[in-house]
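Colleague: Please take a close look at a single part of this model, the part built around its aromatic rings. I would like one connected account of what packs there and how.

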Amino acid sequence: MNKIKILFNRVEANASSSAVRPDRPASVANYREEAPQILCDFLSYHETIKAHSQKTVDEYFLDLRNFFRYMKKSRSRLSQPLDGISIMDVDIDFIRTITLTDIYGYLSYLSRDRARQPNSDKTGYGLNASTRARKVATLRSFFNYLTQKAHLLEENPIRELDSPKLKKTLPKYLTLDESMELLENVDGGNKERDYCILTIFLNCGLRISELIGLNITDIQGDALRVLGKGNKVRIVYLNDACKAALDRYLAVRRPISGRDQNALFLSSRNQRISRSNVHALVKRHLSQAGLDSSQYSSHKLRHTAATLMLQNGVDVKAVQEVLGHEHLNTTEIYTHIDNEALRVAARANPLGRIKPPKDRGE
């Protein structure tokens, strides 16, 4: 069996369609009932014009709600807990009074005093740099909207604000042999389904949200229609391993009726498979293969697909299209993993052949 053939996939993207699936999950935060009009307008802009996912819009809402609660508490010296403060009275006049100094105070609060798990009695305090950077990005997007789109502010108070410095880390991934070991040890009551899911992860590099959203009608010959971030559609071409895994799974997939009848992957309850189901099956099969399930996840399988493609000669821009990355620099992080060109450069240095001197006593 050719390992490279199994774990390599030629893919290109097609973002001509941006239709939203009717089976999209319900929003976790009903911001229209909990947000002032100015915030609703901003969130609607991102949901309708920018075509961001509900999850992204919900995160924007939660970030900005926390920010405005902090602002009201710090200015009015309110005694009630932060999470109990209403922001319904926040308007453009209130926002015009916000300064860069206020933002620095908020970031200090996030760094020192914000609970990492607000609903837990055992929570720690102080958010990490990546979480704070995401909140800064939310604030930057909000104030850019007010100045450049809504034209409600003449000056952007956070125009000079820098994001927290992030620690550079390389993504973890399975080696080729470990990937083969994972696939060869799939067993259990849903082995056809699970094998197919793992094969698609390792070959196509799908996000977990993209995989659970797949419908049977998304299989189009040797291609797969994938709805990615921002409701952008791309076409992923299937290699022989993926097509064989899909054929094997579809042969045993039970037909169902109702809302999820078109879902490609089903749970044991005859419903569209959930994110938690996929996380659990990935962890279980990693353990069955003798791999450390605490170190890897479904997202690490996406990293694995990207890394194996780059290691086997796929151009970085092609991998960008495969993964559905909006920006090339997001993909380029994988080029720093096990780069053979760097090994060649190290060996090419003429000083690399110099041997250490022998001890005088030898």
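Modeller: Rings of Phe, Tyr and Trp, the last taken by its six-membered ring, count as a pair if their centres lie within 6.5 Å. With that cut-off, F42, Y45, Y60, F67, F68, Y70, F94, Y106, Y109, F142, F143 and Y145 form one aromatic cluster. The model is predicted, and a search of the whole structure gives 13 aromatic pairs.

A pair of aromatic rings is described by the distance of the centres and the angle of the planes. For F42 and Y60 these are 5.8 Å centre to centre and 40° between the planes, and the pair is tilted. F42 belongs to helix α3 (residues 37-49) and Y60 to helix α4, so this pair ties together parts that are 18 residues apart in sequence. F42 has a relative accessible area of 0% and is buried. Y60 is at 15%; buried means under 20%, so Y60 is buried as well.

Next come Y70 and Y109. Their ring centres are 5.2 Å apart and their planes are at 25°, so this pair is stacked. Here too distant parts of the chain are linked, with Y70 in helix α4, Y109 in helix α6, and the two positions 39 residues apart. Both Y70 and Y109 are buried.

The Y70 and Y109 pair leads to the packing of the two helices that carry these rings. Two packed helices are described by the angle between their axes and the distance between the axes. For helix α4 (residues 54-76) and helix α6 (residues 100-112), the axes come within 11 Å and cross at roughly 105°. That makes α4 roughly perpendicular to α6, because angles of 65 to 115 degrees count as such. On the α4 side the contact is made by D63, N66, F67, Y70, M71 and R75. On the α6 side are D102, I103, G105, Y106, Y109 and L110. The residues of this contact divide into 7 nonpolar, 2 polar and 3 charged. F67, Y70, Y106 and Y109 take part in this contact, and the aromatic cluster includes these four residues.

R75, listed in the contact of α4 with α6, also has a place beside the cluster. Its charged end sits over the ring of F94, 5.4 Å from the ring centre. F94 is one of the cluster residues.

K72 in helix α4 reaches F94 too. Leaving out residues up to four places away in sequence, K72 touches R77, L78, I85, S86, I87, D89, V90 and F94. Although a lysine, K72 is buried, with a relative accessible area of 14%.

As for the setting, the protein chain has 16 helices and 3 strands. Of its 362 residues, 44% count as buried. Among contacts between residues at least 6 apart in sequence, 61% join residues at least 24 apart. The Y70 and Y109 pair, at 39 residues apart, can be set beside that figure.

How values were computed:
Residues are numbered from 1 along each chain as its sequence is written. This is a predicted model: local features need pLDDT of at least 70, side-chain atom pairs count only at pLDDT 80 or more; totals for chains, interfaces and linings use all residues. Side-chain values use heavy atoms; hydrogens and water are left out. Axes are lines fitted to C-alpha atoms, for helices over the stretch in contact, and angles run from 0 to 180 degrees between N-to-C directions. Helices (H or I, at least four residues) and strands (E, at least two) are DSSP runs, numbered from the N terminus. Angles under 35 degrees count as roughly parallel, over 145 as roughly antiparallel, 65 to 115 as roughly perpendicular and the rest as oblique. Contact means heavy atoms within 4.5 Å. Ala, Val, Leu, Ile, Met, Phe, Trp, Tyr, Cys and Pro count as nonpolar, Asp, Glu, Lys and Arg as charged, and the others, Gly among them, as polar. Rings of Phe, Tyr and Trp (its six-membered ring) pair if their centres lie within 6.5 Å; planes under 30 degrees apart count as stacked, over 60 as edge-to-face and the rest as tilted. Buried means under 20% relative accessible area, exposed over 50%, partly exposed in between (1.4 Å probe, protein chains only). A charge sits over a ring if NZ of Lys or CZ of Arg is within 6 Å of the ring centre and within 35 degrees of the ring normal.
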